[in-house]
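Okay, everyone, thanks for coming. Let me put the structure up on the screen, and then I'll walk you through a few spots in it.

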Amino acid sequence: MVTHIVLWNYLDTLTAEQKAEAGKKIKKDLECLKSVIPGVISLEVKLNEMASSTKDIGLFSEFESEEALNQYAVHPEHLKVVQYIKTVTCGRTAFDY
C-alpha cells in the first residue's frame, strides 16, 4: 500500500468566497475519483479550518501499490481535476510513502 498526501494553498488573488467555492469543487471532484480510477483504496480532501495551518487544502489518499498511484497520476479523469486545481492553487507539496 502507498499513501499519497498533497497540500496546496489558494492563490492570493482569490476572494474568500472564491476560495470557499474552489475548495468545495476540489473536494467533490477529487473524492469522486475513488470510484472511477482502479487501485484507489481511499481518497479524502480536507479543507483548512484552523488558523494554525499553513496550507489550505489537503488530499489524503491510499493506493494499492506504487503502480496504482502512477496510473492515477496520468488517468484522464484525474488530469481534468488537476487542470482546474492549477487555476486556483499554488504552493503544491506532495509526500508519498
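Let's start with Thr-3. Leaving aside residues up to four places away in sequence, Thr-3 touches Ser-61, Glu-62, Phe-95, Asp-96 and Tyr-97. Keep in mind that this is a predicted model. Thr-3 sits in strand 1. So, buried or exposed, what is Thr-3? Its relative accessibility is 11%, and buried means under 20%, so Thr-3 counts as buried.

Now hop over to strand 4, where you'll find Arg-92. This one is exposed, because its relative accessible area is 53% and the cut-off for exposed is over 50%. Exposed or not, Arg-92 still has contacts: again skipping residues up to four places away in sequence, it touches His-4, Val-6, Leu-7 and Trp-8. Take Trp-8 from that list. How far apart are the C-alpha atoms of Arg-92 and Trp-8? They're separated by 4.6 Å, and along the chain the two residues are 84 residues apart.

Last stop, helix 2, which runs over residues 66-74. The buried residues here are Ala-68, Leu-69 and Tyr-72. If you look down the axis of helix 2, those buried residues fall within an arc of 100°, so they line one face of the helix. Flip to the other side of helix 2 and you get Glu-66, Glu-67 and Val-74, which are exposed.

And what covers the buried residues of helix 2? The cover includes helix 1 (16-32) and helix 3 (76-88), plus strand 1 (2-10), strand 2 (40-47), strand 3 (57-63) and strand 4 (89-96). So strand 1, where we found Thr-3, and strand 4, where we found Arg-92, both turn up in that cover.

Technical notes: Residues are numbered from 1 along each chain as its sequence is written. This is a predicted model: local features need pLDDT of at least 70, side-chain atom pairs count only at pLDDT 80 or more; totals for chains, interfaces and linings use all residues. Side-chain values use heavy atoms; hydrogens and water are left out. Buried means under 20% relative accessible area, exposed over 50%, partly exposed in between (1.4 Å probe, protein chains only). Helices (H or I, at least four residues) and strands (E, at least two) are DSSP runs, numbered from the N terminus. The arc is that of the directions from the helix axis to the C-beta atoms. Contact means heavy atoms within 4.5 Å.
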